[in-house]
Every structure is written in C-alpha cells, then in structure tokens.
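User: I am new to this structure and should like to understand the terms applied to it. Could you take me through them with the reasoning set out?

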Amino acid sequence: MINEKRDLEKQVVDLQSMVATLQDAVRKYEIEGKLVGNVMTLADSQRKPSELVSEAKLQMLKFLNTRSDEIDHTDKAICFNKYMSDPFYMQVFVQSNQPEQWQTMIESIYEAIGRPEPSFASVKPMAIHSPQPIRARTSALGAPLASAGNPMDRIAQHLGNMGI
C-alpha cells in the first residue's frame, strides 16, 4: 500500500514536471512566433512602395480574371484599368490598405463600379416609310379573270373574289 502510494506520488511529480516542461516549450514557441511575426512585419513595412504597387496590380488582375464571365465585366474592367494605370490612385490604395485587406477592397471597388449609361449618339435613325393603304385582297392574286362570256357570270365571279 505504501509502495503504491509512493509510486502514485512519483507519477504525479513526473506528470507535473512534464507539464511544466511542455508549458515552457509552448511559451518558447509563442515568444519565437511573436519575434518572427515582428521581423516579418518589419520586412513587409520595409518593402519599396513600387513593389507593393506591382503586387496590388497583380492581385487586381487576378481578381478581374476570375470575374471574366460576368455580363458587365468588360465595362468594369475598362474602368478598373483606368485606376490601375493611375500611379497616384495605386499609391493611395497601397498606403491606405494593408496587403491582407486588398482582396476585400478590390471586390468592393469592383462591385461599386456601375455600368455607363448607353450612348445613342452613334445610332443612325431608320428611314421612315410612308404607311401603305389597306387592301381588300392580296396583290398576289392578280387581276380577276373575266373570261366568262355571260355578264352575270362575270359579276358573280367578282362577287366571289370579294368574298360575298
């Protein structure tokens, strides 16, 4: 009984020391992770603005390629390309947004672009034809045959052609 109690106490002490060792290792990894994160953030902040602008343009182009099957994509892509070619706009975009936020900002800008109003300046007016008179019969029938020798037969044929 006493041996069992000592064995249990020894196991508890071993477990406590193991837990303490693991906690120290976790703290060590957390500290290393923070240091690596700080170094990476510092490296990101030291990147040249021209590198950031080119990365932003690349991400914008990738996004535009994913939306190429939409109906209004051409109009939106033209508008988007105007902004991408403007160095001032791209510099403002890079300075005001972190690289993690670029995707959501690009999506919201794309969705905010409206379709331009249609221009009817290049449309030529159609020639207006004068209205045609209403006819009692189609012109494909031609002139009625008046071959019957009897005038009554001719009158009957005319009335039949008129539908009477």
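Analyst: The answers below set each value against its definition.
This is a predicted model, in which local features need pLDDT of at least 70, side-chain atom pairs count only at pLDDT 80 or more, and totals for chains, interfaces and linings use all residues. Residues are numbered from 1 along each chain as its sequence is written, and side-chain values use heavy atoms, with hydrogens and water left out.

User: What makes the pattern of the protein chain α-α-α-α-α-α?
Analyst: The protein chain has 6 helices and 0 strands. Helices are DSSP runs (H or I) of at least four residues and strands are runs (E) of at least two, numbered from the N terminus.

User: Why is Met-152 called exposed?
Analyst: A residue is exposed over 50% relative accessible area, buried under 20%, and partly exposed in between (1.4 Å probe, protein chains only). Met-152, in helix H6 (residues 151-162), has a relative accessible area of 59%, and is therefore exposed.

User: Why does Asp-75 count as partly exposed?
Analyst: Asp-75 lies in helix H3. Its relative accessibility is 27%, which falls between the 20% and 50% limits, so Asp-75 is partly exposed.

User: How many residues of the protein chain count as buried?
Analyst: Of its 164 residues, 13% count as buried.

User: What makes up the largest nonpolar core?
Analyst: Such a core is a set of buried Ala, Val, Leu, Ile, Met, Phe, Trp, Tyr and Cys residues joined through side-chain atoms within 4.5 Å. The largest one has 16 residues, of which Met-60, Phe-80, Phe-93, Val-94, Trp-102 and Ile-106 touch the most other members. Two or more residues each come from helix H2 (49-66), helix H3 (73-84), helix H4 (87-96) and helix H5 (102-112). H2 gives the largest share, 6 residues.

User: Which residues does Met-60 touch?
Analyst: Leaving aside residues up to four places away in sequence, Met-60 touches Phe-80, Met-84, Met-90, Phe-93 and Ile-106. A contact requires heavy atoms within 4.5 Å.

User: How do you know that the span of H6 is close to the expected one?
Analyst: The expected span is 1.5 Å times one less than the number of residues. H6 has 12 residues, for which 16 Å is expected, and reaches 17 Å from its first C-alpha to its last. H6 is followed by Gly-163, whose phi is positive, near 90°.
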